[in-house]
Amino acid sequence: MTLRLETDQPTGRLAIYLGVFGVMALSNAIVPVLPAFGEGPALQSFIYSAYFLGAFLTVLPAGLLSDRAGRMPVLRAGLLVTVASGILILSSRDPRFVLAARALEGIGAGLFVASGMSWMNSRPDHEHVSGEFMGALNLGLVAGLLGSGLVSEALRSATAGILVFTLVSIVPCLLVFFTSDSRRARPENGKEGARARGAAWLYLTAVVLVGSTGAITALYPAFTGESPSSLGLVIASMNLATMAAVVAASRLRLPPIRTIRVASVLLAASTLLVAFTPAGFVVVGALLGFIMIAQLAFLAGTGLPQGRVMGFYNAASYAGMTLLPFASGIIADGSGFLTAFAAVAFLVLVMAPVVGLSGDGDAPSQEPDPVRRGGSFS
C-alpha cells in the first residue's frame, strides 16, 4: 500500500506545517550559539544575515516557479536543500564556510516559504490556514532558539542543537514526497488586480518592519553577553508572542491598513524597549504577528497569482532581514548598541506615514473588500 497525502486533508496540511516548522527551527538553531562561530557583533551579524541573503535571492523566482511548475516540487526542493545546509554547517566552524552554508540554508528556506505561502494565500480559507501556517512557522523559530540553547548547554557542544534540528527536518522532507496538492490557485480577478498597483508601500514596510526584528535579534546576544539558554528563552518569547498573535489576528476582523499603521508606531517604541528590558521582545513579537497577518490579508485581496505576490512579499521581508541586521551591527561596532537600537526604532517609526500610500505616492490604498475576498479582515 502506497502512502498518499492530500493538502485538502488535515494529514496533507500537517506535512507542510511540519516542513515550515523544521525549516524555521534549523534556521534559528544557530542564534543562541553565534559567538561560537564568530567574534564580535559585526561578524555574528554577517553570519546571521547570510541566511536571509540566500532567502532573499530565492523567494521571488521560487514564487514565480510555484505558479508555473506547481507548489509541491518547489516545497520538496526547499526541504532537501535545508537538510543539506544543516549537514554542511555541522562540518566546519570556519566563518567563511559557515557564511556559505547559511546562505545555502536561506536558499532552502526561500524555496519552501515562498511556495508554502503561495499555497496558503491561494486557498479560499486562506485566513484560517494563514494562522495555522504562520503559527507553525513561529513555533519552529521558538523550538530552534530554545532547543538549540538548552541542548548545546546540556551537551556542552555548540553544534548539538543544529544536529538535532537537522535530523528533525528529515521527517517532513520525506513526507512531502508523498503529498500532493490538487487545489489550483484562485484565478486572477482583473478588477482586484488593479489594486496591486497601489500596494508598493506594503513591500517597503515589509523590508523595514520585518527586518527590524532581525536586527534586534542579531544585536541582542553581544549586547547582553548572556548564556545560550538564556538568550534562547528571551528571543523565543518574541516568537511565542508572534505565534499567539497570528492565530488571534487571523480570526479577528481588523482593517489591514489601519492595523499596520498603528502597529508600526507601537513597534518603534517596543524596539527601544528591548534595549532596557527583555520583556520588549514579547511586545515586538505580538505586534509583528498582527502586522504580518494584516499584510497577508491585504495581498490576498489583490486577485493576483499568489506565487508572484508572495515572491515579492518574501523578497521584501528577507531583504529587510538581510540589510537591517548587517547595518545595525556596523552601527553597534562604531557607535554603540543603544545607538543601533535607536536607529532601528527611528526607521520603523518612519514607516507609519508610508502605510497605505498608493502607487501615485499620495492617495491611500483601499482596504480589501471582505465580501469579494472571503476574508476575516475588513
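Where is the place of L163? L163 sits in helix α6, which covers residues 160-175. The legends below describe close-up views of a predicted model.

**View 1. A nonpolar patch on the surface includes L163.**
Four residues make this patch: L163, L167, I170 and L174. The patch area is about 360 Å². L163 belongs to helix α6. Its relative accessible area is 43%. L163 is therefore partly exposed, since that class runs between the 20% cut-off for buried and the 50% cut-off for exposed.

**View 2. Helices α2 and α12 come within 7 Å of each other.**
Helix α2 spans residues 41-69, and helix α12 spans residues 306-335. Their axes cross at roughly 170°. Angles over 145 degrees count as roughly antiparallel, so α2 and α12 are roughly antiparallel to each other. Sorted by class, the contact of α2 with α12 holds 19 nonpolar, 10 polar and three charged residues.

**View 3. T322 of helix α12 lies 8.0 Å from G214, C-alpha to C-alpha.**
T322 is part of helix α12. T322 has a relative accessibility of 10% and so counts as buried. Along the sequence, T322 and G214 are 108 residues apart. In space, their C-alpha atoms are 8.0 Å apart.

**View 4. D94 and R96 form a salt bridge.**
How many salt bridges does a search of the whole structure find? The search finds two. One of them joins D94 to R96. The closest N and O atoms of D94 and R96 are 3.7 Å apart. D94 has 31% relative accessibility, so D94 counts as partly exposed. R96 has a relative accessible area of 67%, which means that R96 is exposed.

**View 5. E105 and R102 form a salt bridge within helix α4.**
The closest N and O atoms of this pair are 2.9 Å apart. Helix α4 covers residues 95-121. E105 and R102 are three residues apart in α4, so about one helical turn separates them. Are E105 and R102 buried or exposed? Both are buried.

**View 6. R156 has a positive phi.**
The phi of R156 is about 55°, although R156 is not a glycine. Most residues other than glycine have a negative phi. R156 is in the loop between α5 (126-155) and α6. Its relative accessible area is 81%, so R156 is exposed.

**View 7. Y17 of helix α1 lies 7.7 Å from E132, C-alpha to C-alpha.**
Helix α1 covers residues 10-28 and contains Y17. Y17 has a relative accessible area of 12%, so Y17 is buried. Y17 and E132 are 115 residues apart along the chain. The separation of their C-alpha atoms is 7.7 Å.

**View 8. L304 lies in the loop between α11 and α12.**
Helix α11 covers residues 280-300. L304 has a relative accessible area of 13%, which means that L304 is buried. Along the chain, L304 and S122 are 182 residues apart. In the model, 9.4 Å separates the C-alpha atoms of L304 and S122.

Technical notes. Residues are numbered from 1 along each chain as its sequence is written. This is a predicted model: local features need pLDDT of at least 70, side-chain atom pairs count only at pLDDT 80 or more; totals for chains, interfaces and linings use all residues. Side-chain values use heavy atoms; hydrogens and water are left out. Patches are made of residues with over 30% relative accessible area and no salt bridge: like charges are joined within 9 Å, nonpolar side chains (Val, Leu, Ile, Met, Phe, Trp, Tyr) within 5 Å. Accessible areas come from the Shrake-Rupley method with a 1.4 Å probe; for residues, only the protein chains shown count as cover. A salt bridge is a side-chain nitrogen of Lys or Arg within 4 Å of a carboxyl oxygen of Asp or Glu. Helices (H or I, at least four residues) and strands (E, at least two) are DSSP runs, numbered from the N terminus. Buried means under 20% relative accessible area, exposed over 50%, partly exposed in between (1.4 Å probe, protein chains only). Axes are lines fitted to C-alpha atoms, for helices over the stretch in contact, and angles run from 0 to 180 degrees between N-to-C directions. Angles under 35 degrees count as roughly parallel, over 145 as roughly antiparallel, 65 to 115 as roughly perpendicular and the rest as oblique. Ala, Val, Leu, Ile, Met, Phe, Trp, Tyr, Cys and Pro count as nonpolar, Asp, Glu, Lys and Arg as charged, and the others, Gly among them, as polar.
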